[in-house]
Amino acid sequence: MEFEPTEEVKETPRIHRLDESVVNRIAAGEVIQRPVSAVKELVENSLDASSTSISVAVKDGGLKLIQVSDDGHGIRYKDLPILCERHTTSKLSKYEDLQSIKSMGFRGEALASMTYVGHVTVTTITPGQLHGYRVSYRDGVMEHEPKACAAVKGTQIMIENLFYNMIARRKTLQNSADDYTKIVDLLSRFAIYHIDVSFSCRKHGAARADVHSVATTSRLNAIKSVYGLSVAQNLIKIEAADNDPSSSVFEMDGFISNSNYVAKKTTMVLFINGRLVECTALKRAIEVVYAATLPKASKPFIYMSIILPPEHVDVNVHPTKREVSLLNQEVIVKKIQSVVESVLRNSNESRTFQEQQGVEASPSVHPVTKNDLDLGPSPSGSKSQKVPVHKIVRTDSSDPAGRLHAYLYNNTQKHLERDSTLTAVRSSVRQRRNLKETADLTSIQELINDIDSKFHSGLLDIVRQCTYVGMADDVSALLQHNTQLILANVVNVSKELMYQQALRRFAHFNAIQLSEPAPLHELIMLALKEDDLDLESNENDDLKEKIADMNTQLLKKKAEMLEEYFCIFIDSDGNLSRLPILLDQYTPDMDRLPEFVLCLGNDVDWEEEKTCFQSLAAALGNFYAMHPPLLPNPSGKGLEFYRKRKHGKSPQDGEKSSSHVGDGIAIEDEFEHELLSEAETAWSQREWSIQHVLFPSMRLFLKPPNSMAVNGTFVRVASLEKLYKFFERC
């Protein structure tokens with residue numbers, strides 16, 4: 001018997017272990033799906049670090065650069081070697097801890113994943129340390145030992161060239177505008193929940209932040225600052241709770257939009273146990289209520305914070321932690337839906353409309369307030385008159401408060417006579433708002449126009465294209481522009497830059513939170529005593545007390561304006577607790593704080609608006625300028641200051657660096673090492689700030705005035721071309 005030949009049987013595929021680098025890169029692709037995923041993980045880490053200020057800078061939608069800076073507790077030096085390894089965390093030790101986890105991070109995958117798809121650099125400092133450390137990571141491990149560096153409080157994490165090794169994903173994310181919009185939306189959501197934290201988000205190199213919020217005590221104020229007045233004024237407070245262990249246990253509070261709010265899409269901001277998450281079932285349930293209750297199926301704005309027992313929430317169900325699983329989710333959703341429906345139906349019984357008139361409205365027509373007008377739907381068959389586009393009151397979130405006066409008649413003088421409260425004063429000030437700059441008063445715009453129109457074109461070219469060489473002495477830095485070497489006075493340059501930034505960031509500052517509130521009275525007394533040359537004289541103590549009291553009372557009266565426009569927070573007891581950030585990653589020398597507070601009281605002209613803002617900006621510029629530290633420079637001759645005095649002799653008495661004892665045995669002089677170390681840190685911090693903060697910012701923002709060309713701020717000292725010729729002849 002013959003058998004027909006059969007096809008060769010294929011070998012069964014073998015199962016093998018993937019290389020660890022492949023496993024890690026696959027995991028990284030799941031955790032860091034887009035640039036916004038990385039930003040979310042980093043911001044959550046900053047919040048876990050008890051930060052009060054978080055700043056985000058983004059370039060090319062996050063593909064080229066993501067930089068997240070905070071003022072949290074930092075990272076210990078000993079933890080840096082394993083910081084970016086997978087599954088290393090300070091928030092979890094055993095699996096059972098997941099049942100009661102309260103921190104937003106817990107798996108230890110985020111930073112590790114970022115190192116597999118980007119270049120990560122970490123700069124951090126912990127409380128009590130004299131300097132920070134900077135270290136770079138790739139593929140989960142350090143590229144080098146941590147390097148000591150100057151650093152401000154907290155941590156800065158920088159991710160460059162995200163998805164450089166994932167070509168397909170990088171090509172799908174080329175629309176940088178879309179990714180940046182997602183990042184802005186993310187920071188906006190965090191800002192209205194964490195109202196005790198200041199948030200900032202800007203494009204790298206931009207002068208103004210696209211998200212800017214300062215710490216506040218009111219959730220509604222936070223929503224107004226982020227989403228705009230048109231959203232905040234149309235919100236209803238909502239609360240729900242249940243404490244029945246057999247069905248559900250939860251507490252919910254939030255805001256939902258009323259019948260006057262109109263939008264094309266739903267905005268839902270949901271936090272569960274402090275986590276920003278999504279819940280499709282809850283969102284759809286609320287949309288159903290709005291569609292059934294309101295005309296035209298209006299899309300709502302919803303903010304909700306739900307608190308449940310930690311053991312009722314499974315946080316580990318999504319790689320990016322975007323979703324969580326709830327115990328008795330259907331019951332919770334149904335109860336919240338019922339409360340929303342009840343609140344919405346009650347609010348919809350009477351709708352309130354605000355009258356909108358053209359600019360040329362008759363003076364005899366007075367503005368109609370919310371309480372004066374309560375209209376039902378217009379009669380059927382009537383057609384609404386079409387309003388010209390340029391006369392429609394804008395309601396987008398970027399439009400500030402105070403625009404309505406352009407469309408309604410208002411007699412300002414009579415209004416101020418009737419009501420002299422701060423609200424009335426603000427209303428009159430807002431009437432002078434410049435429509436080209438939504439956040440700037442006309443006086444501010446005039447000051448900025450002076451800067452933009454009266455700059456020295458030659459110096460501007462030098463400023464934009466110069467290269468930092470190094471510090472020539474305590475005050476002057478050496479720059480190179482083309483083949484010219486130029487000395488720049490760091491104090492003058494930084495003072496002018498800070499002045500201009502104070503005006504350009506007007507009412508849009510991030511905040512520096514002081515570790516302890518500083519009493520204004522004590523600060524002013526310190527400044528007055530420093531100015532008094534006769535330290536032993538007590539004759540003027542009463543006068544100093546009177547000056548300190550008067551200035552303290554004055555600044556307490558101006559506290560609301562200082563907080564709103566310049567982020568200088570003074571409480572009702574006269575304590576200073578918050579200062580503005582003029583340049584990211586830069587903190588002024590707090591030893592000069594008494595002088596600054598005294599300057600606010602004595603040198604600011606509070607009577608005329610433009611002069612007031614100009615003198616306030618000048619005071620901030622002088623305070624934030626990079627003056628030499630009060631301690632002498634420990635290098636060179638300044639080292640003598642730190643040598644311990646012996647037998648009543650001062651270091652200037654001609655002592656040598658060593659003294660001889662006995663048979664030629666030399667003993668080196670002793671130094672005040674603690675003071676010396678403090679001085680070295682202060683001077684190195686200043687030099688780092690000059691190189692890495694001042695001059696990059698100067699190239700971006702500074703418009704040098706004409707006076708800088710003649711007052712010695714910039715001095716040309718040599719031509720490299722001539723120097724090269726000289727050396728060739730030697």
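This report walks through some rings, backbone angles, hollow spaces and strand contacts in a predicted model.

## Rings that pair up

Let's start with the aromatic side chains. The model holds 14 aromatic pairs. How far apart are the ring centres of Y77 and Y133, and how are their planes set? The centres lie 4.5 Å apart and the planes meet at 40°, so this pair goes down as tilted. An angle of 40° is neither under 30 degrees nor over 60, which is where the word "tilted" comes from.

Now look at where these two tyrosines sit. Y77 belongs to the loop between β2 (65–70) and α3 (110–117), while Y133 is in strand β4 (residues 132–138), so their pairing ties together parts that are 56 residues apart in sequence. Y77 isn't hidden away completely: with a relative accessible area of 40%, Y77 is partly exposed.

F190 and F199 give us another aromatic pair, and this one is stacked. Their centres are 6.5 Å apart, with 15° between the planes. Are these two phenylalanines buried or exposed? F190 has a relative accessible area of 0%, so F190 is buried. F199 also comes out at 0% relative accessibility, and F199 counts as buried too.

## A ring cluster and a charge over a ring

Ring pairs can also link up into something bigger than a pair. Here, F506, F509, Y565, F566 and F613 are joined into a cluster by ring pairs.

Rings can have charged company as well. Which residue puts its charged end over the ring of F569? That's R578, whose charged end sits 4.8 Å from the centre of the ring.

## Two positive phi angles

Next, have a look at the backbone. D60 has a positive phi of about 55°, even though D60 is not a glycine. You'll find D60 in the loop between β1 (53–59) and β2. With a relative accessible area of 31%, D60 is partly exposed.

N482 is another residue other than glycine with a positive phi, near 55°. Where is N482 found? It's in the loop between β18 (476–481) and β19 (484–489). N482 has a relative accessible area of 55%, so N482 counts as exposed.

## The second largest pocket

Time for some empty space. The second largest pocket has a volume of about 1,700 Å³. Its lining is made of 48 residues, and A151, V152, K153, T587 and P588 are the ones that lie nearest its centre. The elements that give two or more residues to this lining are β1, β2, β6 (147–149), β20 (510–519) and α20 (673–701).

What kinds of residues line the second largest pocket? By class, there are 21 nonpolar, 18 polar and 9 charged residues. And why do we say that this pocket lies between domain 1 and domain 3? Domain 1 (20–209) and domain 3 (440–531 + 547–638 + 675–729) both give residues to its lining, so the pocket lies between them.

## A closed cavity

How many cavities of 30 Å³ or more turn up in a search of the whole structure? The search finds 1. The largest cavity holds about 80 Å³ of space.

Its lining consists of D70, T123, T124, A151, V152, K153, G154, T155, Q156, Q585 and W688. A151, V152 and K153 are names you've already met, as they lie among the residues nearest the centre of the second largest pocket. Strands β3 (119–125) and β7 (154–160) each supply at least two residues of the cavity lining. β7 gives the most, with 3 residues. By class, the cavity lining splits into 3 nonpolar, 6 polar and 2 charged residues.

## Far in sequence, together in space

Finally, here are some contacts around S305, which lies in strand β14 (residues 301–307). At 4% relative accessibility, S305 counts as buried. How far is S305 from F271, in sequence and in space? The two are 34 residues apart in sequence, and their C-alpha atoms are 4.8 Å apart.

V269 is found in strand β12 (residues 267–272). With a relative accessible area of 0%, V269 is buried. V269 and S305 are 36 residues apart in sequence, and the gap in space is 8.4 Å, C-alpha to C-alpha.

Notes
Residues are numbered from 1 along each chain as its sequence is written. This is a predicted model: local features need pLDDT of at least 70, side-chain atom pairs count only at pLDDT 80 or more; totals for chains, interfaces and linings use all residues. Side-chain values use heavy atoms; hydrogens and water are left out. Rings of Phe, Tyr and Trp (its six-membered ring) pair if their centres lie within 6.5 Å; planes under 30 degrees apart count as stacked, over 60 as edge-to-face and the rest as tilted. Helices (H or I, at least four residues) and strands (E, at least two) are DSSP runs, numbered from the N terminus. Buried means under 20% relative accessible area, exposed over 50%, partly exposed in between (1.4 Å probe, protein chains only). A charge sits over a ring if NZ of Lys or CZ of Arg is within 6 Å of the ring centre and within 35 degrees of the ring normal. On a 1 Å grid over the protein atoms alone, a cavity is a set of points where a 1.4 Å probe fits but cannot get out, and a pocket is an open set with protein on both sides within 12 Å along at least five of seven lines; lining residues have an atom within 4 Å of a point. Grid points are joined across faces, edges and corners, and a volume is the space filled by probe spheres set on the points. Ala, Val, Leu, Ile, Met, Phe, Trp, Tyr, Cys and Pro count as nonpolar, Asp, Glu, Lys and Arg as charged, and the others, Gly among them, as polar. Domain bounds come from an automatic or database domain assignment.
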